[in-house]
Amino acid sequence: MADTLAALRSLMASHSPPLHALLVPSEDYHQSEYVSARDKRRDFVSGFTGSAGIALITMNGAFLWTDGRYFLQAAQQLSEQWKLMRMGEDPAVDIWMADNMPKDAAIGVDPWCISVDTAQKWERAFAKKQQKLVPTSRNLVDEVWKNQPPAETNPVIVHPLEFAGRSVADKLKDLRTKLVQEKARAMIITALDEVAWLYNIRGTDVSYSPVVQAFAIVTLDSAFFYVDKRKLSSEANSYMKENGILVREYGEVSSDAVLLASDQLTPSSADKTPTGFSRNTETNCGKATGNGGIPAAEFVNDRIWVDPCACCFALYSKLNADKVLLKQSPLALAKALKNSVEMEGLKNAHIRDGAAVVQYLAWLDRQMQEIYGASGYFAEAESINKNKLTDAKRLTEVSASDKLEEFRASKEHFRGLSFPTISSVGSNGAIIHYSPEAETCAELDPDQIYLCDSGAQYLDGTTDITRTVHFGKPTPHEKTCYTAVLKGHISLGNARFPNGTNGYALDVLARTPLWKYGLDYRHGTGHGIGSYLNVHEGPHQISFRPSAQNVPLEVSMTVTDEPGYYEDGKFGIRLENVLIVKECNTKFNFGDKGYLTFEHVTWAPYQRKLIDVSLLVPEEIQWLNDYHSKCSKILAPYLNQSEMEWLKQATAPIAA
């Protein structure tokens, strides 16, 4: 690590102009949350492996900013050369730099790895002291990373219409309609899940996210796909041609952005598009049209649409800033509003996934009793022989989560996990996004809380579920905390709210039962979830963060419901279901707005012995009993007799 920092400082000193500091973001060229091995530059320089954060290297210091999910993990992983900066508690990175770097300081960053929004925000902060953001012509981390993994060359996979639910032609038509409405002539699409969704393709370039490293440019009459052409089979090439998508090499997006800026980006003579998207050759009621019926008179626009939070600063810099529309991508909302095929697939995927989770819990219950003498999932008592084991028998956080993956892998349409399983026992559960490693992970302990947050990718849907369990005797305090989390989980999941309500307004519902005891948690309460795509999907969210005010919840959106509580050094508790937003029939309809509510699509029991029933109101007990009854019926066809017997006991009604 010291050698890496020294090598980077040497490159900073020899850079023209010399750099006073270097920023190393977590993101790749597409501003992705999860990135390929080659793009884990911030991990490489700092040793911190969490998904969110930014490193700042100065000539005499090294700093890492991350959010509340990762405070404990970062503190454990960072060496003494690094200082942890806690987002929300310490000054933000741009404010810190503006206040602590010298006047006229040059602060370097790879412009491909930061968004337009971030770059402009930093530039505003630096302007106060005439400091400047310097886009480097090459990534300095790549220069010193001797064993940097190669770029992925995995095949592009066509996502069948039976799972996608809408054709590429329909999606392109909708996008072009949006372009015309916004007086734009083109859009540069950089978010990997948006490219995958728009063109109905999937890939394996990024672990856990079935995306292809690629860009897209869509104009009013052409669609371009920028990808390493080695990833395209003859079938994939044929698919692209059939859909009028012109394939370019990945790196050509840079020069094509320049051509686009001067309105010179056109299909080459060898790449004639067969879809008829010609601006002035078709007619509609005697009017010249383009894109299948949009009057050419509308094409007086000259703007290029880029999403300021998703588009990298490098591509934006190649455009004429006066003719750029900086606005959230229309694909973000279109992708979030699941069509009927995606909705059905999501529900089916969650049923199979719930069966896998129940099989895992029943298996784990047996193992904890047989190996550790635990009282198990249902009874409450101290374990009797946990210290008399051979290594071969011991269960660890990793060996247990591997078994869960086995159960999932046996299910139809399984394509892998949707994120690294958070399998955490005792104090590790307090590390919100804990990722166990085989060499260092903890052994399971029947006398401590076990938190398992996991999910899978299926061809028909993406899943994300958290359950927290105890196989021994939980303390009254642990029961109180679990029950407070459960009450918040139920309160949010049962919410009724008018159209136009955003996730910022709903977040408090999940926290109020915790606040009653002076407890809270440092993460958002809900995120959207993709359709065989990213497990974290916007543009909506349920959170205390102001950004949750930007997008109201709408019918057919998916969102998680996952409050928690974490006691440093002791335990973590989180409960998570995936919900679908649906219309709600209310007795009245104030303001004629129409009301919404949620439908749970996740199926797995809540552990009865962790619940202090005296803290529940009758409506909460009724909801639990109803949910458990559905859970038992829905999962029955997927379980064998012993698993079904276990589930019947786990879902037995709670007496009010």
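Student: How far is the sulfur of cysteine 311 from the closest cysteine sulfur?
Tutor: Keep in mind that this model is predicted. Cysteine 311 is buried, at 0% relative accessibility. The closest cysteine sulfur belongs to cysteine 312, and it is too far for a bond. The distance is 5.0 Å.

Student: And cysteine 452: which cysteine has the nearest sulfur?
Tutor: Cysteine 452 counts as buried, with 7% relative accessibility. A disulfide needs two cysteine sulfur atoms within 2.5 Å. For cysteine 452 the nearest cysteine sulfur is 13 Å away, so there is no disulfide here. That sulfur belongs to cysteine 441.

Student: How many disulfides does a search of the whole structure find?
Tutor: A disulfide is a covalent bond between the sulfur atoms of two cysteines. Cysteine 452 takes part in none. For the whole structure, the search result is zero.

Student: Let's turn to charges. How many salt bridges are there?
Tutor: Side chains of opposite charge can pair when their charged atoms come close. The cut-off used here is 4 Å between nitrogen and oxygen. With that rule, the number of salt bridges is 30.

Student: Aspartate 353 is in one of them. Which residue is its partner in the salt bridge?
Tutor: The N to O distance in this pair is 2.6 Å. Aspartate 353 sits in helix H14 and its partner in helix H15, so the bridge ties together parts 55 residues apart in sequence. Aspartate 353 is buried, at 2% relative accessible area, and the partner is buried at 0%. The partner is arginine 408.

Student: Are glutamate 443 and arginine 394 buried, partly exposed or exposed?
Tutor: These two form a salt bridge, with the closest N and O atoms 3.2 Å apart. Glutamate 443 is in the loop between strands E19 and E20, and arginine 394 is in the loop between H14 and H15, so the bridge ties together parts 49 residues apart in sequence. Relative accessibility is 28% for glutamate 443 and 28% for arginine 394. Each counts as partly exposed.

Student: How many residues apart in sequence are the parts tied together by arginine 574 and aspartate 453?
Tutor: Their side chains meet in a salt bridge, at 2.9 Å from N to O. Arginine 574 belongs to strand E29 and aspartate 453 to strand E20, so the pair ties together parts from two strands. Arginine 574 is buried at 2% relative accessible area, and aspartate 453 is buried at 4%. The separation in sequence is 121 residues.

Student: Now the inside. Which element gives the most residues to the largest nonpolar core?
Tutor: In soluble globular proteins, nonpolar side chains tend to be buried together. The largest core here has 82 residues, and those touching the most other members include Tyr360, Phe598 and Leu635. The top contributor gives 13 residues, and that element is H14.

Student: How many residues are in the second core?
Tutor: This core is separate from the largest one. Among its members are Met187, Val206, Phe225 and Val601. Its number of residues is 45.

Student: In helix H19, how wide is the arc covered by the buried residues?
Tutor: The buried residues are Glu643, Met644, Trp646, Leu647 and Ala650. They lie on the same side of H19, because the arc they cover around the axis is narrow enough, at only 160 degrees.

Student: Which helices do those buried residues pack against?
Tutor: H19 runs over residues 641-650. Gln641 and Lys648, on the other side of H19, are exposed. The buried residues pack against H14 and H18.

Student: Where is methionine 368, and is it buried or exposed?
Tutor: Methionine 368 touches Gly373, Ala374, Leu395, Leu444, Asp445, Pro446 and Phe471, leaving aside neighbours within four places in sequence. Its relative accessibility is 1%. Its place is in helix H14, and it counts as buried.

Student: Which feature does UniProt place at residues 594-654?
Tutor: Over residues 594-654 the chain is 46% helix and 10% strand. The end C-alpha atoms are 34 Å apart. The unreviewed UniProt entry gives the feature as "domain: Peptidase M24 C-terminal".

Methods: Residues numbered from 1 in each chain as written. Predicted model: local features only at pLDDT ≥ 70, side-chain atom pairs only at ≥ 80, totals over all residues. Heavy atoms only, no water. Helix = DSSP H or I, 4+ residues; strand = E, 2+ residues; numbered from the N terminus. Buried < 20%, exposed > 50% of the residue type's maximum accessible area, 1.4 Å probe, protein only. Core = buried A, V, L, I, M, F, W, Y, C linked by side-chain atoms within 4.5 Å. Arc of directions from axis to C-beta. Contact = heavy atoms within 4.5 Å. UniProt positions renumbered as here; feature names shortened; annotations may be inferred.
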